[in-house]
Amino acid sequence: MLETLQLMGQGFISALSILNLLAMIGGVALGIVIGCLPGLSAAMGVALMLPLTFTMPADTGLIVLGAIYCGAIFGGSISAILIHTPGTPASAATAIEGYQMTLNGQAGKALATACWSSFWGGLLSCISLYFFAPMLAQLALKFMSAEKFWLGIFGLTIIAGVSSKSIVKGLMSGALGLIISTIGLDPIDGTKRFMFGQAFLAEGINTTCALIGLFSMSQVFILAEKEIKKRAKAAKFSDKIALTKAERKKIRPTIIRSWIIGNIIGILPGAGASIACFMGYNSAKQFSKSKEEFGHGAIEGVAGSESANNAVTGGSLIPMLTLGIPGESVTAVLMGGLIIQGLAPGPELFTKHAAMTYTFFAGFVLVQFFMLAIGMIGCRGFAQISRLSDAILIPCVTVLCVIGSYAIHKNMSDVVVMLIFGALGYLMRKFDLNTAAVAKRACGAHSVSAMGT
Amino acid sequence: MKMKKTDIGVVAFMYAVCAFFYVYSFDLSESSKSYPIFTIVLLFGLTTLYLIQMIIAAKKYGVESGADKVFAGFLPKQFILSLVLTIVYFFLIKYLGFFTATTLFMIASFIYLKVPVLHSVIALVSMDLLIYLAFVLFLGVRLPAGILI
């Protein structure tokens, strides 16, 4: 217990270094920009930023990715409130009441509610991250090869099964990922497997290239196939971005309820922020003393949705960090970020690499404060960014995908891998297959090594 | 739920993946092929299970195209051109260098996608600057230099 408290304190000291603070500010700002742009997702943003974290210390790199994650989940609410278009699916429920508030001339209040609720949702989710993650890691320490193998199988089935429209299709995606993970040198005897004469495949499919392709390049293809529509002008608003004491008191129970909902959904693999926001919204409506306000701009509706979706962030990190089971796409990409830094998800993160892990946790707490500050101050500016056309995003994101995958080994072969995975990701999304399951299996072969030993 | 014709493509693709990796597994030694074969059999089994589900759905509820949903709002010309531009961009990097190829790719895309000139210029300059600062200065990446730069 004392040791844990010491690690927590040390984590905060490390997280407060200038580099980490800059990483938090930059990550949150970038995340909000990504989140408020309809068409771009949190997973895509995190995947695109993976190459930039290579040269950073592991804790700083993870803080950047975590900050982008939190920022993007909150950022989606800005476009949901001001242009009635959720920036990410996680803010779909926010658009219902948020836009009504904008029409009522209360856009500032709606944005302030979103900021405040996201902050509390995210901050409270850190409590479970601090307390449940080490407990689960303790349990995972007792796992031997057989348990690890079955855990791998469980992870595969739960992600593939729960988050896909068809369970069998989800499992097929996971199995496809398993086949892809066999490319490269055999980890047991070093035999070349499915390398097709390409030396760069010796270490298997490059994690970053696969993730950029599956989550970012595939999104470019999705954007490129549809008519490029002019975005609605963000509503101008003159009211202050602030909440009164009475309003803060009014939304308090909603925030607490939504935090619990979001946190549980986050911990459960397969569910995610897009489900949590609707559950948070529904519970806010159900328990509200002023139900008649719902549908006409209810402040509790915005609070319920935003608190729940941000409460998912901390919760979803728990199974990923302790058991290597990413609950959704973003955590699958974050897991890639860990692997790139040479760290394997699992109990070792809480023993051998505990200092790094607790610095990341502390950074995750501080990120919530930066999100509140940047969100409150920069809402008006971010609202203008949300109008950026897909016609500009398509070539810009393509260039970032190419440079991001090239930068890893300074090799054009990696760009080819990224493009192949981009095409694969695009087709998988079109035909309701599960990209997260492929990413998880293709990039992290937990059960593979366990099975071989 | 009706069987979707588009899912035939999914099944065919998965079987093709199984066949492809199975053929290549002939070259592997006995010890190193056991795990790949396990994964191939797993995918084959799941694909067959899905095929059976499709057949049952077709018999019970009938068949629908599914293409209307998959390709809703699909603009083939725009999609193919974007794809071609990306591939051409990839090859141009080798010959013209990264910055020249990127500039040409972005200009061509902006013109095709009808982005206003001012927005194009701002986006182009911002991207080149971002790449230079983040990748060349911060990460120290030596970008491909072609015949121009």
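**Two chains and the contact they share**

In this predicted model, chain B is divided into two domains, with domain 1 covering residues 3-70 and domain 2 covering residues 76-138. The C-alpha centres of domain 1 of chain B and domain 2 of chain B lie 38 Å apart.

Turning to the other chain, the secondary structure of chain A comes to 18 helices and 2 strands. The radius of gyration of chain A is 21 Å, and since the globule rule gives 22 Å for 453 residues, a value close to this one, chain A is as compact as a globular protein of that length. Measured out along its principal axes, the C-alpha trace of chain A spans about 65 × 55 × 45 Å. Of the 453 residues in chain A, 63% are buried, and if we take the contacts in chain A with a separation of 6 or more, 80% of them join residues that are 24 or more positions apart.

How many residues does each chain bring to the contact between chain A and chain B? Chain B gives 48 residues, while chain A gives 41 residues. On the side of chain B that touches chain A, at least two residues come from each of the helices α1 (6-24), α2 (30-61), α4 (76-96), α5 (98-112) and α6 (117-138) of chain B. Among these, α2(B) gives the most to that side, with 13 residues. When the residues on the side of chain B that touches chain A are sorted by character, 31 are nonpolar, 14 are polar and 3 are charged.

Methods: Residues are numbered from 1 along each chain as its sequence is written. Chains are lettered from A and ligands numbered from 1 in the order in which they are written. This is a predicted model: local features need pLDDT of at least 70, side-chain atom pairs count only at pLDDT 80 or more; totals for chains, interfaces and linings use all residues. Helices (H or I, at least four residues) and strands (E, at least two) are DSSP runs, numbered from the N terminus. The radius of gyration is taken over C-alpha atoms; the globule rule is 2.2 Å times the number of residues to the power 0.38. A residue is buried if 20 or more other C-beta atoms lie within 10 Å of its own, exposed if 12 or fewer, and partly exposed in between; C-beta atoms are placed from the backbone. Two residues are in contact if their C-beta atoms, placed from the backbone, lie within 7 Å. Ala, Val, Leu, Ile, Met, Phe, Trp, Tyr, Cys and Pro count as nonpolar, Asp, Glu, Lys and Arg as charged, and the others, Gly among them, as polar. Domain bounds come from an automatic or database domain assignment.
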